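Here are my notes on the model you sent round, set out point by point so that each can be checked against the coordinates.

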Amino acid sequence: GEPHWLTSALFKAQCLSDVEPSARTSCAVDDANEYAKLIADALHPVAQMVVAPLTVLNLALAQFGDVPTPTNGLTSCGYCAWVALTLAQWTSTVYALACTVGAYVAMHHRYGCCAQPWLSSMPRGPHLVDIVAITTFAL
C-alpha cells in the first residue's frame, strides 16, 4: 500500500518495501502505517482533550476522603468492591504499559533499519521514530 504521511516522515519508504512483511499483512508498509496511525490517533487533539481532564479528575477523586473502613456487612461489600476495582485499574494500566513497550520493541526490531535519523548530522544517533515514541508514551 501507500505510506501514510507519518510513515513517510518516520521511515524510509524504499527500505520498507525491501523488508519482509509480518504474517499479519502482505506489505511492510501496511505494518508501518498501522504503527504511524496509532501514534497519530494518540496525538489527536480530541483524544488529548478527553484524556487530560479524565486523568486530572481521576487523581482528584483519589484525594477525597479516607480509605474506606468496613464497619458492617454493607460497608464490607463496598470496601471489597473498592479494592477489586482499584486492583483491576492498576493491573490493566500495567498491562497496557507492558503492551505498549512490547509493541515498540517489536516494531523497532523489525523496522528499525528503515527508521529516519533524528538529525541528519547524527546518522548513528536516535531515530525520529524513537523520539516520537518516547514523547507519545509519556502522554
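The points below go from the overall fold to the core, the cysteines and the surface.

1. Please keep in mind throughout that this is a predicted model. The chain contains 6 helices and 0 strands, and when it is read along the sequence the pattern is α-α-α-α-α-α.

2. Buried residues account for 19% of the 139 residues in the chain. The chain exposes about 9,700 Å², of which carbon and sulfur atoms supply 69%. Among contacts in the chain with a separation of 6 or more, 62% come from residues 24 or more positions apart.

3. The largest nonpolar core is made up of 18 residues, and those with the most contacts inside it are L10, F11, L16, Y35, M107, Y111 and V129. Two or more residues are given to this core by each of helix 1 (5-10), helix 3 (28-42), helix 5 and helix 6, with helix 3 providing the largest share, 6 residues.

4. M107, one of the residues with the most contacts inside that core, deserves a separate look. Once residues up to four places away in sequence are set aside, M107 touches F11, Y35, G112 and V129.

5. How many disulfides does the count come to? The count comes to 1 disulfide, which joins C15 to C114 with an S to S distance of 2.1 Å. The link of C15 and C114 is left-handed, with -70° about the S-S bond. Because C15 lies in helix 2 (residues 13-18) while C114 lies in the loop between helix 5 and helix 6 (128-138), the pair ties together parts that are 99 residues apart in sequence. On the C114 side of the link, the residue is buried, with a relative accessible area of 0%.

6. Why are C77 and C80 not joined to each other by a disulfide? The sulfur of C77 has its closest cysteine sulfur in C80, at 6.6 Å, and this is too far for a bond, because a disulfide here requires sulfur atoms within 2.5 Å. Seen from C80, the closest cysteine sulfur is likewise the one in C77, at 6.6 Å and too far for a bond. C77 is also exposed, with a relative accessible area of 55%.

7. On the surface, V46, M49, V50, V51, L54, L57, L61 and F64 form a nonpolar patch, and together they have about 790 Å² of accessible area. One member of the patch, F64, is found in the loop between helix 4 (45-62) and helix 5 (73-111). F64 counts as exposed because its relative accessible area of 62% is over the 50% cut-off.

8. Is T69, which has its place in the loop between helix 4 and helix 5, buried or exposed? T69 counts as exposed, since its relative accessibility is 60% and the cut-off for that label is over 50%. T69 and Y79 are 10 residues apart in sequence, and their C-alpha atoms are 7.1 Å apart in space.

Terms used
Residues numbered from 1 in each chain as written. Predicted model: local features only at pLDDT ≥ 70, side-chain atom pairs only at ≥ 80, totals over all residues. Heavy atoms only, no water. Patch = residues over 30% accessible without salt bridge, like charges linked within 9 Å, V, L, I, M, F, W, Y side chains within 5 Å. Areas by Shrake-Rupley, 256 points an atom, 1.4 Å probe, with all protein chains shown as cover. Salt bridge = Lys/Arg side-chain N within 4 Å of Asp/Glu carboxyl O. Helix = DSSP H or I, 4+ residues; strand = E, 2+ residues; numbered from the N terminus. Buried < 20%, exposed > 50% of the residue type's maximum accessible area, 1.4 Å probe, protein only. Core = buried A, V, L, I, M, F, W, Y, C linked by side-chain atoms within 4.5 Å. Contact = heavy atoms within 4.5 Å.
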